[in-house]
Amino acid sequence: MSSTTEIRGLAPRDELRPAGEADLSDILAKANADGDVCYLAGGLTKQDWGAAPAHLDLLVRTGALSGCTDVDPDNLTLSAMAGTTVAEARAQAEAVGRILPIDPGQPGEATIGGVVAAGDNGPRAAGYGGLRDVVLGVRALLADGSAVKFGGRTMKNVTGYDMTKLFVGSFGALGAITEVTFRLLPRYDSQALLILPLASLDDAKRVTAGVLGSYLQPLALEVVSADALPGGDAAGAGPAGAPVLLAGFGGHRAAVDRSVREVTETVPGAAPRVLHEEEASAMYGHLADGAAASGGTLALRASVPISRTIDVLAAAQTYAAANGLTLGYRAGAARGRVDLTLRGEGTNAAAGADGGAARFGACPAHLRAQAVDMGGSLFVTGGAALLPEGYDAWGDAGGAVAIMRRIKERFDPNGILAPGRFVGGI
Amino acid sequence: MTTPLGERLRGVVGAKNVLDRPVQLQTYEYDAYLERAMPRAVVFVETTAQVSAVLGILAEERVPFVPRGCGTNLSGGSLALDGAVVLEMGRMNKVLDIDIPNQRMTVQVGIFNLDISTILSPLGYYYAPDPASQKACSLGGNIAENAGGPHCFKYGVTSNHVLGLEVVLAGGETVWLGGKDADVLGLDLTGAFVGSEGTLGIATTAILRILRKPEAVKTLLAVCDSLEDGGNVVSAIVAAGLVPATLEMVDNKTINAIEDSMACGFPRDAAAVLLIELDGLRDGMEEMAEAITAICKASGVREVRIAKDEEERQALWRGRKGAFGALSRLAPNYMVADGTVPRTKLPEALRRVADIGRRYDLPIASVFHAGDGNLHPLLLFDSRDPADREKVMAAGMEVLKVCADLGGTVSGEHGIGIEKLDALPLVFTDDDLRAQGFVKEAFDPRGWANPGKALRAGGHAAGTAPADGGAQAVAGAPSDDHVEVTAGV
Ligand SMILES: Cc1cc2nc3c(=O)[nH]c(=O)nc-3n(C[C@H](O)[C@H](O)[C@H](O)COP(=O)(O)OP(=O)(O)OC[C@H]3O[C@@H](n4cnc5c(N)ncnc54)[C@H](O)[C@@H]3O)c2cc1C
């Protein structure tokens with residue numbers, strides 16, 4: 001038997017690569033009958049997100065379910081099989097002069113199915129909308145192998161419950177997504193990405209609040225630590241540890257120019273850099289990817305009401321300073337998405353006797369409590385090995401979790417779709 | 001007559017806030033669809049605690065319930081089947097919080113849609129979903145139907161703007177779904193609740209995304225010599241990569257009905273007009289308007305007019321939004337077929353709908369969200385004539401079938417209600433419907449919430465009656481001419 005890929009330290013009994021939908025349906029039906037736990041995976045880029053499955057029998061790779069099944073530039077829709085990489089689907093949209101309005105990290109490996117299941121919204125979600133807004137339809141296989149479809153290729157659809165929303169961000173808990181239909185956007189007449197070093201997080205708060213309260217409609221409004229930028233740009237950043245603002249705009253050239261000018265003017269004396277067109281796209285790619293994760297890094301993602309975005313960074317900075325950790329961050333100030341990385345200085349922090357537990361162990365709960373106070377949430381996206389056994393990867397979804405559990409029980413009565421992986425242990 | 005149930009309910013909301021005498025209940029017998037059903041009682045609720053207490057009592061008494069906003073829905077969604085009790089939500093209309101820095105508003109759902117933007121306007125903000133019925137429909141009804149509107153072409157429908165909901169479940173439990181932040185933790189239950197037509201529970205409070213009012217707005221009226229030209233313009237604008245805020249179409253019959261009732265400045269001899277609005281930054285808007293004008297001309301549009309001031313612009317919108325009402329001059333009743341097609345199929349869909357009208361010898365007026373491919377052919381008829389009524393039902397179903405056949409769907413924004421239950425198999429398999437049943441069971445295992453709507457309980461094959469004799473509770477053809485389909489508008 002061929003060797004299998006481990007998922008969070010769990011070795012599956014078998015790794016399967018269904019050739020197509022019918023094959024996948026058979027696999028699920030059999031697993032459902034036998035009570036074998038399946039872990040559906042595309043590019044495996046999100047396996048560190050959230051909780052590990054409680055148990056694992058079969059790793060099921062969706063890579064062969066690949067390709068765009070429909071590209072309709074005039075209707076502004078694109079449908080792609082779940083195993084299609086984001087890069088490929090994006091290229092297909094671009095080939096017909098359209099934008100696929102999703103912006104996850106690692107587009108070369110991440111698959112459409114995985115990105116939609118993980119609800120990974122990147123920097124440009126500020127302008128594109130989130131996945132819940134741009135996914136028009138989903139086809140999926142339920143735990144018993146039966147095929148279902150929800151939504152479709154129309155912009156508006158109230159026929160039946162909005163099951164599409166339920167599948168976006170469901171982490172595979174309800175079924176195996178096989179195909180997704182997205183709305184496309186027309187290509188922008190012009191686009192620009194302004195890079196502006198700032199003096200402090202206070203400054204970041206002031207500038208982002210100004211943009212959010214203005215007429216401007218940013219495509220992205222990221223506040224990042226200098227290490228989130230490619231080498232050359234980091235050099236241009238302000239004082240050590242100071243944030244950098246990236247404000248992106250797309251649309252009519254006159255509107256884009258004015259937007260860049262207006263934001264620049266809010267930071268007198270700064271040294272702005274403006275990237276255009278392909279250069280800007282490349283920078284977005286870099287931003288979405290984040291710094292390459294290394295062994296000793298704890299990674300967290302928070303979601304908060306937009307005005308609190310920078311407050312999360314401040315809280316993280318305080319924690320990092322008090323615990324001798326180095327903080328990296330990428331924060332979408334127009335969406336309230338915050339990605340944090342914390343690493344031990346120089347050495348591999350995990351190796352320290354109980355150093356890891358002391359410095360990292362309390363971090364998710366500590367920062368989560370603050371995010372929750374701000375009206376948001378926080379989950380772990382990497383570095384589980386640094387955390388004590390039984391750590392809480394997701395946090396508490398409140399009273400709604402009982403409904404989520406009941407939904408899970410009905411969709412997956414035998415618990416074969418990676419139980420334990422998602423919020424509330426579902 | 002006071003029933004024990006009535007007494008218990010009065011204990012919660014006060015004596016004046018429960019109606020249970022037949023004469024009082026007549027107002028609540030119908031909505032903007034064509035059927036009627038007599039509720040067992042109507043309860044006016046004012047707080048979430050009251051809603052919770054009422055649902056607790058109803059569960060104990062094993063009585064189903066129907067939340068009701070303003071009764072303007074077009075699919076029978078707020079009819080009380082199975083002897084259900086109606087919870088009238090209109091008094092829960094308070095604004096709880098306007099949070100400009102977070103671009104959110106927390107508001108009770110009984111509020112009129114239009115009031116939301118009126119309240120926000122002095123602050124420079126608005127709420128984007130703007131159903132044509134916005135003066136007369138509630139946010140709760142919008143949430144339940146996932147309502148759309150002209151500006152949804154650019155900004156999306158209700159579900160794109162509702163981020164959190166306080167919901168009372170059957171039995172009385174109160175739970176918050178979603179919140180103020182954009183990326184919810186766990187399953188997107190807010191997303192699943194929006195569009196569930198009151199069948200999952202009662203929404204009491206909502207957290208809305210609010211938007212900064214655009215700096216500049218420009219409104220164009222494209223005057224077309226054929227409906228198909230209009231359809232082609234829509235396709236061409238979308239294909240050219242332009243994203244106006246609205247792309248609304250009104251046909252000749254409707255134009256004349258509008259002009260007869262309110263004189264808004266639509267040219268009476270046009271086969272159709274397209275209402276195209278641009279919004280955003282002032283910079284570049286002039287050029288975009290020119291580009292759209294050029295596309296219109298190239299697609300054979302006779303003339304493009306630009307609203308010269310806010311007054312002219314408001315007049316055009318008054319006409320568009322008053323269109324359904326104006327059409328009631330032409331016939332006692334209308335039935336709106338709410339099918340939606342991929343935008344590229346719009347011209348073909350319009351052609352086939354016109355064929356259906358000819359074949360059934362039914363006058364059809366069209367006024368619709370062209371940019372979204374959301375048709376609204378209004379089949380004009382007289383519900384007092386049983387033959388006419390039957391004809392309309394059959395023709396309406398054919399329109400929906402055309403939309404499904406063209407790769408579209410049977411409802412874009414008006415909901416399934418009782419009206420389109422038989423149309424569900426046009427787009428869904430039994431497995432698709434079974435999976436939707438899972439959601440219903442998870443929220444409302446006993447089936448107390450708005451029974452007989454949106455989804456058939458226990459078996460979904462076409463023609464299956466709603467569980468518990470729901471079909472018999474729906475009055476057949478109304479006995480008098482009281483069905484006023486433009487009620488509340
Ligand atoms: C002239 C006219 C024009 C229209 N134009 C449009 C349009 O442009 N776009 C559009 O989308 N629709 C349109 N409609 C349809 C209708 O106005 C919408 O469906 C509206 O959302 C219904 O709101 P309502 O308050 O009247 O709800 P109701 O008709 O009272 O109820 C609708 C449904 O919502 C449920 N419900 C009500 N309140 C709650 C609650 N608090 N919690 C849970 N469920 C609840 C009810 O049970 C019912 O199933 C139009 C209707 C008319 C008559």
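F171(A) and W394(A) are both buried in this predicted model. Their rings form an aromatic pair, edge-to-face, with 5.0 Å from centre to centre and 80° between the planes. In sequence the two partners are a long way off from each other, 223 residues apart. F171(A) sits in the loop between helix 6 (163-167) and strand 9 (176-183) of chain A, while W394(A) comes from the loop between strand 18 (377-382) and helix 14 (400-411) of that chain, and the pair thus links distant parts of the chain.

W394(A) has another ring to deal with, that of F379(A). Here the centres are 4.8 Å apart and the planes meet at 25°; with planes under 30 degrees apart counting as stacked, this pair is stacked. F379(A) belongs to strand 18 of chain A and W394(A) to the loop between strand 18 and helix 14, so the pair ties together parts 15 residues apart in sequence. F379(A), like W394(A), is buried.

Taken a step further, ring pairs join W49(A), F171(A), F379(A), W394(A) and F422(A) into a cluster. Over all chains, the count of aromatic pairs comes to twelve.

Now for the interface. Chain B puts 84 residues into the contact and chain A puts in 70. Between them the two chains bury about 6,500 Å², and 57% of that area is on carbon and sulfur atoms.

Charged and polar links also cross the boundary. Nine salt bridges turn up across the interface of chain B and chain A. One of them pairs the side chains of K156(A) and D372(B), at 4.0 Å from N to O. On top of that, 28 residue pairs are in polar contact across the interface, with both residues at pLDDT 80 or more.

On the chain B side, quite a list of elements each supply at least two residues to the surface that touches chain A. The helices are helix 6 (152-155), helix 7 (189-193), helix 8 (227-239), helix 10 (285-298), helix 15 (424-427) and helix 16 (430-443), and they are joined by strand 8 (162-168) and strand 9 (174-178). Helix 16 of chain B gives the most, with eleven residues. By residue type, the side of chain B that touches chain A divides into 37 nonpolar, 27 polar and 20 charged residues.

Terms used: Residues are numbered from 1 along each chain as its sequence is written. Chains are lettered from A and ligands numbered from 1 in the order in which they are written. Side-chain values use heavy atoms; hydrogens and water are left out. Contact means heavy atoms within 4.5 Å. Buried area is the accessible area (1.4 Å probe) that two parts lose on being put together, summed over both. A polar contact is a pair of N or O atoms within 3.5 Å; within protein, one must be able to donate a hydrogen and the other to accept it, and residues adjacent in sequence count only if both atoms are side-chain atoms. Helices (H or I, at least four residues) and strands (E, at least two) are DSSP runs, numbered from the N terminus. Ala, Val, Leu, Ile, Met, Phe, Trp, Tyr, Cys and Pro count as nonpolar, Asp, Glu, Lys and Arg as charged, and the others, Gly among them, as polar. Rings of Phe, Tyr and Trp (its six-membered ring) pair if their centres lie within 6.5 Å; planes under 30 degrees apart count as stacked, over 60 as edge-to-face and the rest as tilted. Buried means under 20% relative accessible area, exposed over 50%, partly exposed in between (1.4 Å probe, protein chains only).
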